[in-house]
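Me: I would like to go through this structure label by label and ask, for each one, what value stands behind it and which cut-off it meets.

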Amino acid sequence: MRALGELEELDEVTEANERSARVAAFFDLDGTLVVLPSLERRFFRTLRYQKAIPVRSYFLWPLEALRLMPRGISAMLQANKMYLRGVQIPNGCGERDGDVSSWHKDGHQAEGQASAPPRRNPRWPVPTFFAQAVERMAWHARQGHEIVLVSGTLDSLARGAARALEAELAARGIAVTIRVFATRLEESDGTWTGRILGEAMFGEAKSRAVEGLAKSMGLDLGCCYAYGDSLNDRWLMESVGWPVAVNPSNDLASIAHKAGWPVVYWQQEKDSTLRSPRLSKFAEKKEHRSAIAE
């Protein structure tokens, strides 16, 4: 099997169909847009280095893992955030759109907020994006497609990545607002409780989020795109008409091969001039589905 190394433009028939529909491009984050290790793992390392995680929370994590065990390994890994219990929420992040911390970066209290002691805040990890991923997202934005991140990482980390991507696109003269679906955490008195609000954004939850957005925005999922790298992205990718496996794990690569999904390999590039990736010209959707070369 050989990978579909570069995406080319859709044929005129498909583009005509898209012009009459509302289209979105859904992107997984870690491993798809962002170079591994994951943003949450980097954040954990920062917290551990700064000794910002209460000792008790290290013991709560395996207890929560045991509670989640009946739901499977993925739930144990993706839905267990007890290591964050009691961790103070960094400046400038809340779990809802528009939320900001009551403490600015200079440590001064925001006007009208209740007094609180100053605290040392861990820094958010700086995302390192695959260069081809940013170019691909720029292509979608130029087509007028909605851009949506659908990630199992912490909501605040995902929103930080979205802001960084918006800045990357703005530097290319593209103004776009990126929507985010990610794992949200309960907050209490400026700290996280370790409990999840709603459901962790992995597996079938990604598909439910996408379908809900499609219903509320009138999206035609048959004309939408989805990009993912792991088995947990399978349901997201099956929800749309144009799934693309990016740097896939072995199990996702096998599924992509059987389903005829395109496979691309994006790498971190330095000091290089990139070509805009384009989707292949296919006369029929069936041909698009079988675009994994030997």
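Reply: The open sheet has seven strands in the order 4-3-2-1-5-6-7, with mixed pairing. Strands here are DSSP runs of E with at least two residues, helices are runs of H or I with at least four residues, and both are numbered from the N terminus. This is a predicted model, in which local features need pLDDT of at least 70 and side-chain atom pairs count only at pLDDT 80 or more, while totals for chains, interfaces and linings use all residues. Residues are numbered from 1 along each chain as its sequence is written, and side-chain values use heavy atoms, with hydrogens and water left out.

Me: Why do strand 4 and strand 7 count as the edges of the sheet?

Reply: Strand 4 (191–197) and strand 7 each have a single partner strand, so one side of each is left without a neighbour in the sheet. Two strands pair if DSSP finds at least two bridges between them. Strand 7 (residues 263–264) pairs with strand 6 in the parallel sense over two bridges, and strand 4 pairs with strand 3 (residues 178–188) in the antiparallel sense over four bridges.

Me: What makes the pairing of this sheet mixed?

Reply: In general, strands of a sheet pair through backbone hydrogen bonds, either parallel or antiparallel. Strand 3 and strand 4 are antiparallel, with Ser188 opposite Thr191 and Leu185 opposite Ile196. Strand 2 and strand 3, by contrast, run parallel and are joined by five bridges, one of which sets Leu154 against Thr183. Strand 5 (residues 225–228) and strand 6 are also parallel, over four bridges, with Gly228 and Ala245 as bridge partners. Both senses are thus present, and the pairing is described as mixed.

Me: Which connections are called right-handed β-α-β units, and what is the test?

Reply: The test is that, with the strands pointing away from the viewer, the path from the first strand over the helix to the second runs clockwise. Strand 2, helix 6 (residues 155–170) and strand 3 make one right-handed unit. Ala245 of strand 6 stands opposite Val263 in strand 7, and the chain crosses between these two strands through helix 9 (residues 250–259), again with a right-handed crossover.

Me: How do you know that strand 6 is mostly covered?

Reply: Five of the five residues in strand 6 (residues 242–246) are buried, where buried means under 20% relative accessible area, exposed means over 50%, and partly exposed lies in between, for a 1.4 Å probe and protein chains only. Trp242, Val244 and Val246 point one way and Pro243 and Ala245 the other, and all are buried.

Me: What sets Asp189 and Asn247 apart in backbone geometry, and are they buried or exposed?

Reply: Asp189 has a positive phi of about 50 degrees although it is not a glycine, and it sits in the turn of the hairpin that strand 3 and strand 4 form with two residues between them. At 80% relative accessible area, Asp189 is exposed. Asn247, in the loop between strand 6 and helix 9, also has a positive phi, near 45 degrees, but at 22% Asn247 is partly exposed.

Me: Why are Cys223 and Cys224 not called a disulfide?

Reply: A disulfide is a pair of cysteine sulfur atoms within 2.5 Å. The sulfur of Cys224 is 7.1 Å from the closest cysteine sulfur, in Cys223, and is therefore too far for a bond. A search of the whole structure finds zero disulfides. Both residues are nevertheless buried, Cys223 at 12% relative accessibility and Cys224 at 0%.

Me: What makes the pocket a pocket, and which residues lie nearest its centre?

Reply: On a 1 Å grid over the protein atoms alone, a pocket is an open set of points where a 1.4 Å probe fits, with protein on both sides within 12 Å along at least five of seven lines, and lining residues have an atom within 4 Å of a point. The largest pocket is lined by 24 residues, of which Ser38, Glu40, Arg41, Leu77 and Gln78 lie nearest the centre. Helix 2 (39–49), helix 4 (73–78) and strand 2 (146–154) each give two or more residues to this lining.
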